[in-house]
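Open the model in a viewer and keep the selection panel at hand. The stops below say what to select and what is found there.

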Amino acid sequence: VDSRLWRLDKSRVTLTTAVTAEDAVEYCAATLRTLDYEVTNVLCRLAMMPQGRSLDEYSATLEHEKGLLELAKSKSSTVTEVIRTAVTFSVQKSLLYHGGSGFRFAHDRLQNAAAQCASPQEAAEIHYYLGGNVLATGECSSEQAYQVLDHFSKSREFVTDPDLILRIGTL
């Protein structure tokens with residue numbers, strides 16, 4: 001990210017208490033929640049996925065995700081259009097940038113904050129969907145196996161199918 005995109009207005013900065021990394025994430029999350037519902041929902045899902053993907057890769061991964069399908073339907077749109085609109089806005093606002101192979105969050109705290117914009121129930125559902133999506137691609141590389149395990153560990157309450165449990169156990 002070009003450091004010239006960020007400007008600090010020192011006249012508006014005051015130190016009242018010590019600021020921790022968690023405070024920064026909470027502040028970012030609260031700010032993200034003030035954005036358009038569509039943008040917040042897309043950023044939340046992108047934050048739970050590996051960074052550096054193209055719009056086509058994000059769309060292909062998320063095209064059947066329940067929350068984005070409902071959002072696209074409510075806007076008489078497609079998931080791809082919803083993602084494209086949100087990513088374009090986010091790049092314009094310097095929340096995301098296009099670096100090399102694909103899009104990335106401008107800062108890891110911003111990514112953490114975006115992931116927190118979902119309720120715990122919704123986050124678990126998204127992680128379950130994403131884990132299943134990676135598994136559905138067939139053989140998993142070691143990196144993909146780690147992603148699958150991470151997603152399913154964050155959605156344990158949905159992992160009830162014995163065949164799925166066995167498949168996860170063999171990764």
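## A tour by selection

Begin with the second largest pocket, where the lining residues comprise six nonpolar, five polar and three charged. The model is a predicted one.

**Stop 1: the second largest pocket.** Select A47, M48, M49, P50 and D150; of the 14 residues that line this pocket, these lie nearest its centre. The pocket has a volume of about 250 Å³. Now colour α6 (108-115) and α8, each of which supplies at least two residues of the lining. Which helix gives the largest share of this lining? It is α8, with five residues.

**Stop 2: the largest cavity.** Keep M49 and P50 selected and add R53, T61, L130, V134, Q147 and H151; together these eight names make up the lining of the largest cavity. M49 and P50 thus appear at both stops, among the residues nearest the centre of the second largest pocket and in the lining of the largest cavity. Show α7 (120-135) and α8 (142-153) as well, since each supplies at least two residues of the cavity lining. By type, the lining holds four nonpolar residues, three polar ones and one charged one. The volume of this cavity is about 50 Å³. How many cavities of 30 Å³ or more does the count give? The count comes to one.

**Stop 3: the hairpin.** Select residues 96-99 for strand β1 and residues 102-105 for strand β2; the two pair in the antiparallel sense over four bridges. To follow one of the pairings, pick L96 and look across to F105, its bridge partner in β2. Then move to the turn, where two residues lie between the strands. G100 takes a positive phi there, near 65°.

**Stop 4: T40.** Go to helix α2 (residues 37-47) and pick T40 within it. Is T40 buried or exposed? T40 counts as buried because its relative accessible area is 11%, below the cut-off of 20%. Next, draw a distance from its side chain to the backbone oxygen of L32, which the T40 side chain reaches at 2.8 Å. Finally, display L32, R33, L35 and C117: these are the residues in contact with T40 once its neighbours within four places in sequence are left aside. L32 therefore deserves a second look, as it is in that contact list and also provides the backbone oxygen reached by the T40 side chain.

Conventions: Residues numbered from 1 in each chain as written. Predicted model: local features only at pLDDT ≥ 70, side-chain atom pairs only at ≥ 80, totals over all residues. Heavy atoms only, no water. 1 Å grid on protein atoms, 1.4 Å probe; cavity = no way out; pocket = protein on both sides within 12 Å on 5 of 7 lines; lining within 4 Å. Points joined across faces, edges and corners; volume = space filled by probe spheres on them. Nonpolar A, V, L, I, M, F, W, Y, C, P; charged D, E, K, R; others polar. Pairing = 2+ DSSP bridges. Buried < 20%, exposed > 50% of the residue type's maximum accessible area, 1.4 Å probe, protein only. Polar contact = N/O pair within 3.5 Å; in protein donor to acceptor, adjacent residues only side chain to side chain. Contact = heavy atoms within 4.5 Å.
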